[in-house]
Amino acid sequence: MFTGIIECIGEVKDIFSENSNRIFWIESPLSNEFKEDQSVSHNGVCLTVDNINGTRHRITAIDETLQKSNLGTWKTGSLVNIERCLPINGRLDGHFVQGHVDTAGTCIKKIEKKGSWELEIEFSPDFAALVVEKGSISLNGISLTIFNVKKNKFSVGIIPYTFEKTSIKHTREGDLVNIEFDILGKYIQRKLLYPHTGY
C-alpha cells in the first residue's frame, strides 16, 4: 500500500528484454536502502526489487504490466517517481494507492498558471464512473485531486513543490501517464453492479 507522496526521482539506466518481460536498472537516492523482494512504486506501478548494485536497483515488468502502463515507453534516461510502501505507523498524507495501475491516459494539455500548473488528462470512457469531481487519483504514482471532470477527461492542479520534486515537471502534451483510480470507488462500483451476488 502506498500514499502517492513521492519520495524521490529515479533514472532508467539500462533496459533488457527477456522473453515477454522487460528488465530495468534504475538509479536513485534510495536504491542502496532497498532490499531484495521489497515492493516499491515506480511511476505508480508496484514492482518487486530483485537485485541491488550500489545506487542502482533492478525491477522486472511482465507483459500485463507493460500493456496496462507507460512502462513500455521507458527508455534510457527516463525519469521515474519512486515511493516505498507505507509503514504501519506512517501518516496517510495522500490517499490509498495500491500500485495496481488501471490504465494509461494521455496528457492533452499542460498549462502554466502563474505559479502552478494544470494538466488535462484524457482516458478511456470505460472508467468514467470512477472519476468524480474533487476525488483522488494517482498519476504516475502521485496522489492528486481531480477537477473539471468530463466523460473521458479530467484536470489536475500541480503545486510548485510537486512540480519540482516529481517527474511531472517533464510530462509533455502527448505523453502517456499511469492512472490508478481510487480503490474506494472501485469497491462501490462493484457493489452497485452486483448488489445481490458474492461475485
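Helices, of at least four residues, and strands, of at least two, are taken here as DSSP runs numbered from the N terminus. On that basis the protein chain of this predicted model contains three helices and twelve strands. Its radius of gyration is 17 Å, close to the 16 Å that the globule rule gives for 199 residues, so the chain is as compact as a globular protein of that length. A cluster of phenylalanine rings, made up of Phe123, Phe127, Phe154 and Phe181, is described in more detail below.

**Overall dimensions and packing**

- Along its principal axes, the C-alpha trace of the protein chain spans about 50 × 45 × 40 Å.
- Of the 199 residues in the protein chain, 41% count as buried.
- Among contacts in the protein chain with a separation of 6 or more, 67% are accounted for by residues that stand 24 or more positions apart.

**Surface and charge**

- The protein chain exposes about 10,800 Å², and carbon and sulfur atoms supply 50% of that area.
- The chain carries 23 positive and 25 negative charges, and the mean positions of these two sets are 5 Å apart.

**Aromatic pairs**

- The count of aromatic pairs comes to five, and one of them joins phenylalanine 123 to phenylalanine 154 in a tilted arrangement, with 5.5 Å centre to centre and 50° between the planes.
- Phenylalanine 123 lies in the loop between β8 (117-122) and β9 (136-139), whereas phenylalanine 154 belongs to strand β11 (residues 153-158), so this pair ties together parts that are 31 residues apart in sequence.
- Phenylalanine 123 is buried, with a relative accessible area of 4%, and phenylalanine 154 is likewise buried, with a value of 0%.
- Phenylalanine 127 and phenylalanine 181 form a further aromatic pair, which is stacked, with 5.1 Å centre to centre and 20° between the planes.
- This stacked pair links distant parts of the chain, since phenylalanine 127 is in the loop between β8 and β9 while phenylalanine 181 is in strand β12 (residues 176-181), 54 residues apart.
- Phenylalanine 127 is partly exposed because its relative accessible area is 21%, a value to be read against the rule that buried means under 20%; phenylalanine 181, by contrast, is buried, with a relative accessible area of 1%.

**The ring cluster**

- Ring pairs link Phe123, Phe127, Phe154 and Phe181 into a cluster, which includes residues from the loop between β8 and β9 as well as from strand β11 and strand β12.

Conventions:
Residues are numbered from 1 along each chain as its sequence is written. This is a predicted model: local features need pLDDT of at least 70, side-chain atom pairs count only at pLDDT 80 or more; totals for chains, interfaces and linings use all residues. Side-chain values use heavy atoms; hydrogens and water are left out. The radius of gyration is taken over C-alpha atoms; the globule rule is 2.2 Å times the number of residues to the power 0.38. Buried means under 20% relative accessible area, exposed over 50%, partly exposed in between (1.4 Å probe, protein chains only). Contact means heavy atoms within 4.5 Å. Accessible areas come from the Shrake-Rupley method with a 1.4 Å probe; for residues, only the protein chains shown count as cover. Lys and Arg count as positive and Asp and Glu as negative; His and the chain ends are not counted. The place of a charge is taken as NZ of Lys, CZ of Arg, CG of Asp or CD of Glu. Rings of Phe, Tyr and Trp (its six-membered ring) pair if their centres lie within 6.5 Å; planes under 30 degrees apart count as stacked, over 60 as edge-to-face and the rest as tilted.
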